[in-house]
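Here is a short tutorial dialogue on reading enclosed space, packing and ring pairs.

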Amino acid sequence: MPLILETVVTTTARDGALHLVPFGLIQDGADWILAPFRPSPTILNLADNPVFAASSPSDVRVIAGAVTGRRDWATLPCERIAGRRLAESFGHAEFEVAAIEDDPVRPRYRGRMVHAAAHIPFIGYNRAQAAVLEAAILSTRLHMLEPDKILTEMRYHAIAIAKTAGPAEREAWDWIEDKVAAALGRDDRILEASPPAP
């Protein structure tokens with residue numbers, strides 16, 4: 001299986017409109033593959049402007065927000081491409097599309113990296129951030145999975161939230177919980193509003 005990095009990808013339309021979305025970039029040698037499902041604003045933007053930026057968000061709320069309809073996050077101009085990148089990020093990379101493998105369901109865009117930079121010191125990993133990431137991915141597959149599987153996985157990820165989350169991770173988790181609860185028609189919460197476990 002290839003290495004996949006979970007990032008926040010930004011693309012821009014011909015009129016400059018920005019689209020920001022979490023994406024797993026697939027490593028293929030020195031290149032990275034972007035493979036959005038149709039229909040997608042990313043696909044439309046890449047047709048107009050075949051470049052994209054991938055950022056590693058320092059605030060996990062960006063990922064949780066993007067999958068729950070909250071996409072208004074601060075961005076900055078890119079260095080080498082005509083686009084923008086996430087402002088609050090550990091680092092980012094800029095890509096030009098070198099080749100396209102068309103497909104009626106999921107075209108693949110081969111990104112050739114033209115610039116990369118670090119922005120915020122990375123001090124350490126946080127289990128709650130990883131739990132939010134997994135829950136965010138899960139929340140995009142609600143139409144594909146059985147409710148029992150969704151709840152089982154959410155309960156497991158909630159352990160890391162309860163033990164290691166800060167305020168940002170808890171808020172991100174709440175957004176995802178709201179989305180899952182609405183999809184499953186539930187009123188109860190997987191993670192109650194209580195202080196983190198010691």
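Q: Which residues line the largest cavity?
A: This is a predicted model. In it, the largest cavity is lined by Leu 151, Glu 177, Val 180, Ala 181, Arg 186, Asp 188, Arg 189 and Ile 190. The element that gives the most is α5, with three residues.

Q: What is the make-up of that lining by class?
A: Four residues of the cavity lining are nonpolar and four are charged. None is polar.

Q: How many cavities of 30 Å³ or more are there, and how much space lies in the largest?
A: The count comes to one. The largest cavity holds about 50 Å³ of space.

Q: Now the open spaces. How much space lies in the largest pocket, and which residues lie nearest its centre?
A: The largest pocket has about 960 Å³ of space. Its lining counts 34 residues. Nearest the centre are Pro 22, Phe 37, Ile 137, Thr 140 and Arg 141.

Q: Which elements each supply at least two residues of that lining?
A: Two strands and four helices do: β1 (4-12) and β2 (18-28), then α1 (41-48), α2 (61-66), α3 (127-139) and α4 (147-164). By class, the lining of the largest pocket has 19 nonpolar, eight polar and seven charged residues.

Q: What volume does the second largest pocket have, and what lies closest to its centre?
A: Its volume is about 620 Å³. The second largest pocket is lined by 26 residues, with Glu 6, Thr 7, Ser 56, Pro 57 and Phe 90 closest to the centre. Two or more lining residues come from each of β1, β4 (51-57), β7 (89-101), β8 (108-118) and α3. β7 gives the most, with five. The lining of this second pocket has 17 nonpolar, seven polar and two charged residues.

Q: Turn to packing. What is the general idea behind a nonpolar core?
A: In soluble globular proteins, nonpolar side chains tend to be buried together. Here the largest nonpolar core has 30 residues. Val 132, Met 154, Ile 161, Trp 173 and Ile 176 have the most contacts inside it. The elements giving two or more residues to this core are α2, α3, α4 and α5 (167-184). Among them, α3 gives the most, with seven residues.

Q: Which residues does Ile 176 touch, leaving out those up to four places away in sequence?
A: Ile 176 touches Ala 64, Thr 68, Val 132, Ala 135, Ala 136, Ser 139 and Met 154. Another core lies apart from the largest one. That other core has 14 residues, including Val 21, Trp 32, Leu 34 and Ala 93.

Q: How many aromatic pairs does the structure hold?
A: Four. One of them joins Trp 73 and Trp 175.  Their ring centres are 6.4 Å apart and their planes lie at 50 degrees, so the pair is tilted. Trp 73 sits in the loop between α2 and β5 (75-77), and Trp 175 in helix α5, 102 residues apart.

Q: Why does Trp 175 count as buried and Trp 73 as partly exposed?
A: Buried means under 20% relative accessible area. Trp 175 has 12%, so it counts as buried. Trp 73 has 23%, so it counts as partly exposed.

Q: What is the geometry of the pair of Phe 122 and Tyr 125?
A: Their ring centres lie 5.1 Å apart, with planes at 70 degrees, so the pair is edge-to-face. Phe 122 is partly exposed at 45% relative accessibility. Tyr 125 is exposed, at 80%. Ring pairs link Phe 122 and Tyr 125 with Phe 90 into a cluster.

Definitions and conventions:
Residues numbered from 1 in each chain as written. Heavy atoms only, no water. 1 Å grid on protein atoms, 1.4 Å probe; cavity = no way out; pocket = protein on both sides within 12 Å on 5 of 7 lines; lining within 4 Å. Points joined across faces, edges and corners; volume = space filled by probe spheres on them. Nonpolar A, V, L, I, M, F, W, Y, C, P; charged D, E, K, R; others polar. Core = buried A, V, L, I, M, F, W, Y, C linked by side-chain atoms within 4.5 Å. Buried < 20%, exposed > 50% of the residue type's maximum accessible area, 1.4 Å probe, protein only. Contact = heavy atoms within 4.5 Å. Phe/Tyr/Trp six-rings, centres within 6.5 Å; stacked < 30°, edge-to-face > 60°.
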